[in-house]
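Colleague: I should like to go through this structure with you, one question at a time. Please explain how each answer is reached.

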Amino acid sequence: MPGRSLLDLDDLTSSEIQYLLEYARRFHDDPPPRTLLRDVTVVNLFFEASTRTFTSFAIAEARVGADVVALPPGSSSLGKGETIADTAITLAAMGVRAIVTRHPESGFPYRLAESFDGHVINAGDGRHAHPTQALLDLLTLQEEFGKVAGLRVGLVGDIVHSRVARSNILGLRALGAEVTLIGPHTLLPEAMARDGVRIVRDFDAVLPELDALMLLRIQRERIASAVLPSLEDYARNYRLDARRLRLLAPHAIVMHPGPYNRGVELTDDVFAFSGWRYAQQVSHGVYVRMAVLDFLVNGVRETAGRG
Ligand code: CP
């Protein structure tokens, strides 16, 4: 019987998302005992580069007392023709209880979860999903504003290729935020509009309306693939700079999942902005990942417990 996995945020109910945010928030003031995941073996299986997600999962796993193995992609036998299913069966036979995985192919964690007798956590798959990033972003909003419901949150940039955007849209809607997607047609097709999610092309016009603005990374390869005419054209219309910062409401915050491209989706003025919350997002990643690991392996703790 496979364990419960977190492959995207629609694996969780709204109440479970709220529970995880509350549980994670408590770790901020009161670190958990290093026994929450005692005798639980976790494998970190990352096939794509990561600084924030890999490191914060590793820190979170250590802080809850898991036994952790990091399996570099070049060291796994997938490269020798072993199937995903056989890898899953092999790891389960060694007593591995959870796999945290990142992969450039959308859907890889789903195929792993189908064959793995344990818990799979998606740490980012292709363009599809990045659920723990969305949870840490939701925690950042909740810490800032006390609640997510009713917040007006804008996401600007390469929405169509962004797993961060997809998971955030699910989470923001589940908790009742109003979502505005901002960008050019080639990075943001009209089809992405839906109930509670509107599309705006005029960045300057929408800035004063937002409580929070999430910037997304613009990958330089989008120019090579002719999705964007030039970075200069993108910057003129959608880069956050000193002038655009002044258009934001006084209480508004700016977020970015990282890594950011200085001079492309933002200028250095953003780093001096009082509402810049990147560091808080990164630190919330550790709390959220501890909460997710404990929730999947041990279930809900009535007291959002202390092991
Ligand atoms: N936000 C994020 O996923 O960053 P990394 O690619 O460094 O993990």
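Colleague: How do the residues of the lining of the largest pocket divide into nonpolar, polar and charged?

Modeller: Please note that this is a predicted model. The lining of the largest pocket is sorted by residue class, and it holds 6 nonpolar, 10 polar and 8 charged residues.

Colleague: How much space lies in the largest pocket, and which residues are the closest to its centre?

Modeller: The space in the largest pocket comes to about 570 Å³. It is lined by 24 residues. Two elements, α2 (52–63) and α6 (163–174), each give two or more residues to this lining. The residues closest to the centre of the pocket are R163, V164, R217, Q219 and P259.

Colleague: Which element gives the largest share of the lining of the largest cavity?

Modeller: A search of the whole structure finds 1 cavity of 30 Å³ or more, and about 70 Å³ of space lies in the largest cavity. Its lining includes R52, Q133, H256 and Y278. The elements that give two or more residues to this lining are α2, α5 (131–145) and α11. The largest share, 5 residues, comes from α11.

Colleague: How does the lining of the largest cavity divide by class?

Modeller: The residues that line this cavity include T53, S56, L136 and R289. Sorted by class, the lining has 4 nonpolar, 6 polar and 2 charged residues.

Colleague: What span should helix α11 have, and how far apart are its end C-alpha atoms?

Modeller: Helix α11 covers residues 278–298, which is 21 residues. At 1.5 Å a residue, the helix should span 30 Å. The expected span agrees with the model, because the end C-alpha atoms are 30 Å apart.

Colleague: Is α11 mostly covered or mostly uncovered, and what is the phi of the residue that follows it?

Modeller: Of the 21 residues of α11, 16 are buried, and the helix is thus mostly covered. The helix is followed by G299, whose phi is positive, near 85 degrees.

Colleague: How are the rings of Y23 and F27 arranged?

Modeller: The count of aromatic pairs comes to 12. In one of these pairs, Y23 and F27 have their ring centres 4.7 Å apart, with 50 degrees between the planes. Planes from 30 to 60 degrees apart are neither stacked nor edge-to-face, so the pair of Y23 and F27 is tilted.

Colleague: Where do Y23 and F27 lie, and are they buried or exposed?

Modeller: Both residues lie in helix α1 (residues 14–29), 4 residues apart, which is about one turn of the helix. A residue counts as buried under 20% relative accessible area. Y23 has 0% relative accessibility and F27 has 2%, so Y23 is buried and F27 is buried.

Colleague: How is the ring pair of Y234 and Y238 described?

Modeller: Y234 and Y238 both lie in helix α9 (residues 231–238), 4 residues apart. Y234 is buried at 2% relative accessibility, and Y238 is buried at 7%. The ring centres are 5.6 Å apart and the planes stand at 35 degrees, so the pair is tilted.

Colleague: Which residues do ring pairs link into a cluster?

Modeller: Y23 and F27 form one aromatic pair. Ring pairs extend this into a cluster of Y19, Y23, F27 and F295.

Colleague: In β2, which residue is the bridge partner of V42?

Modeller: Strand β1 (residues 41–46) has 5 of its 6 residues buried, so it is largely enclosed by the rest of the structure. β1 pairs with strand β2 (residues 67–70) in the parallel sense over 4 bridges. The partner of V42 in β2 is V68.

Conventions. Residues are numbered from 1 along each chain as its sequence is written. This is a predicted model: local features need pLDDT of at least 70, side-chain atom pairs count only at pLDDT 80 or more; totals for chains, interfaces and linings use all residues. Side-chain values use heavy atoms; hydrogens and water are left out. On a 1 Å grid over the protein atoms alone, a cavity is a set of points where a 1.4 Å probe fits but cannot get out, and a pocket is an open set with protein on both sides within 12 Å along at least five of seven lines; lining residues have an atom within 4 Å of a point. Grid points are joined across faces, edges and corners, and a volume is the space filled by probe spheres set on the points. Ala, Val, Leu, Ile, Met, Phe, Trp, Tyr, Cys and Pro count as nonpolar, Asp, Glu, Lys and Arg as charged, and the others, Gly among them, as polar. The expected span of a helix is 1.5 Å times one less than its number of residues. Buried means under 20% relative accessible area, exposed over 50%, partly exposed in between (1.4 Å probe, protein chains only). Rings of Phe, Tyr and Trp (its six-membered ring) pair if their centres lie within 6.5 Å; planes under 30 degrees apart count as stacked, over 60 as edge-to-face and the rest as tilted. Two strands pair if DSSP finds at least two bridges between them.
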